[in-house]
Amino acid sequence: MKRKPIFRVWVQIVLFVLIALIAVNHGLAESGKGIPFLSSASLHAVCPFGGVVSLYQLVTAGTFVQKIHESNLVLMLIVFASAIALGPLFCGWICPFGTFQEWISRIGRKLFKKRFNKFIPYKFDKYLRFSRYIILGLVIINTAISGKLMFANIDPYYALFQFWTGEVAISAFIILGIVTILSLFVERPFCKYMCPYGALLGLFNLIRLFPLRRNKGTCIDCGACSRACPMNIPVAVKGQVRDHQCISCYQCTSGDGNCPVPETLEFTMKKYPEVKNEN
Ligand code: SF4
Ligand code: SF4
């Protein structure tokens, strides 16, 4: 049974509920019945990916993209600053659509037990994971050409939190349905193969100040870290993990995570001593 860093679970639940309430309150506020102490911003205003296309548009044309707000830029800067230090915390802790996929995956794990999240061979899968960079490129190019947030029509996050409004494109519902079904077989399929924002944040893993390091001197080679990783990263055979797919979820680490040996697998600047007979 995989252990879950319990603090992260609570952060995910609170943020999921908060985003859902903001989404509902936006509709209520328009009819004058909004909850006063809660933000009535539209879902676009609390989407940090909007900040990326906003920034592009602001730099290239000096204007904001339609339906995008200055708040996106603020959110984006906070997310980027944290990613420089700790990688894509946004993906592993905050994104409510990542949380949604994790919750669906709990059913898949019960159905398929050890086969869950292992249907696609790693050799093939590690190349398939680059598909999200193609989507990122297409979204940026199309948004720059049209001046509208092109991702909105296929955005399952928007479909999930606005399904009752009549504003959601049928294509977004189809993607939401596909992701929900895939989540029964694969952990976080949208994050792995489709999310343009995850693609961008994943790049911070290559330069982050606190990479994931494994102390080969104290590691007992049990493989629990690799088995716990939702993104199928082979942590147990690496000294330092700078994988572009890591979502900083802490499921693999010593302490709250699944590594049974204290101070053996940590996000740290500290370099562990080299082991002589290592590969
Ligand atoms: S390597 Fe560790 S922190 Fe990164 S995604 Fe895998 S389990 Fe989470
Ligand atoms: S879980 Fe910890 S002890 Fe086990 S292989 Fe991974 S780093 Fe080593």
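Helices are taken as DSSP runs of H or I, at least four residues long, and are numbered from the N terminus. In the predicted model described here, helix H5 is followed by Lys113, a residue whose phi is positive, near 50°.

Helix H5 itself comprises 17 residues, from 96 to 112. At 1.5 Å a residue, a span of 24 Å is expected for H5, and the C-alpha atoms at its ends are 24 Å apart, so the expected and computed values agree. A substantial list of buried positions is found along this helix: Pro96, Phe97, Gly98, Thr99, Phe100, Gln101 and Glu102 are buried, as are Ile104, Ser105 and Gly108. An α-helix has 3.6 residues a turn, so residues three or four places apart point the same way.

One of the buried residues of H5, Glu102, takes part in ionic pairing. Side chains of opposite charge can pair when their charged atoms come close. In total, 6 salt bridges are counted in the model. In one of them, the side chain of Glu102 meets that of Arg188, with an N to O distance of 2.7 Å. This contact links distant parts of the chain, since Glu102 belongs to helix H5 whereas Arg188 lies in the loop between H9 and helix H10 (189-194), and the two are 86 residues apart. Both partners are withdrawn from the surface by the accessibility criterion: Glu102 is buried because its relative accessible area is 4%, under the 20% limit, and Arg188 counts as buried at 1% relative accessibility.

A second salt bridge joins Asp125 and Arg129, whose closest N and O atoms are 2.6 Å apart. Here too the partners are buried, with relative accessibilities of 3% for Asp125 and 4% for Arg129. The pair formed by the side chains of Glu266 and Lys270 has an N to O distance of 3.9 Å. Glu266 counts as partly exposed at 21% relative accessibility, and Lys270 is likewise partly exposed, at 43%. Salt bridges with shared partners also connect Arg8, Glu102 and Arg188 into one network.

On the surface, a nonpolar patch is formed by Val24, Leu28, Phe163, Trp164, Ile170, Phe173, Ile174, Ile178 and Leu182, which together have about 820 Å² of accessible area. At least two residues of this patch are supplied by each of helix H1 (6-30) and helix H9 (170-182). The greatest contribution comes from H9, with 5 residues. Val24, a member of the patch, is located in helix H1. With a relative accessibility of 38%, Val24 counts as partly exposed, because this value falls between the limits of 20% and 50%.

The surroundings of the two ligands were also examined. Around ligand 1 there are 14 residues, of which Cys229, Cys246, Ile247, Cys249 and Cys252 come nearest. The shell of ligand 1 divides into 12 nonpolar and 2 polar residues, with no charged ones. Around ligand 2 there are 13 residues, and those that come nearest are Cys219, Cys222, Gly223, Cys225 and Cys259. In the shell of ligand 2, 9 residues are nonpolar, 2 are polar and 2 are charged.

Conventions. Residues are numbered from 1 along each chain as its sequence is written. Chains are lettered from A and ligands numbered from 1 in the order in which they are written. This is a predicted model: local features need pLDDT of at least 70, side-chain atom pairs count only at pLDDT 80 or more; totals for chains, interfaces and linings use all residues. Side-chain values use heavy atoms; hydrogens and water are left out. A residue is near a molecule or strand if one of its heavy atoms lies within 4 Å of it. Ala, Val, Leu, Ile, Met, Phe, Trp, Tyr, Cys and Pro count as nonpolar, Asp, Glu, Lys and Arg as charged, and the others, Gly among them, as polar. The expected span of a helix is 1.5 Å times one less than its number of residues. Buried means under 20% relative accessible area, exposed over 50%, partly exposed in between (1.4 Å probe, protein chains only). Patches are made of residues with over 30% relative accessible area and no salt bridge: like charges are joined within 9 Å, nonpolar side chains (Val, Leu, Ile, Met, Phe, Trp, Tyr) within 5 Å. Accessible areas come from the Shrake-Rupley method with a 1.4 Å probe; for residues, only the protein chains shown count as cover. A salt bridge is a side-chain nitrogen of Lys or Arg within 4 Å of a carboxyl oxygen of Asp or Glu.
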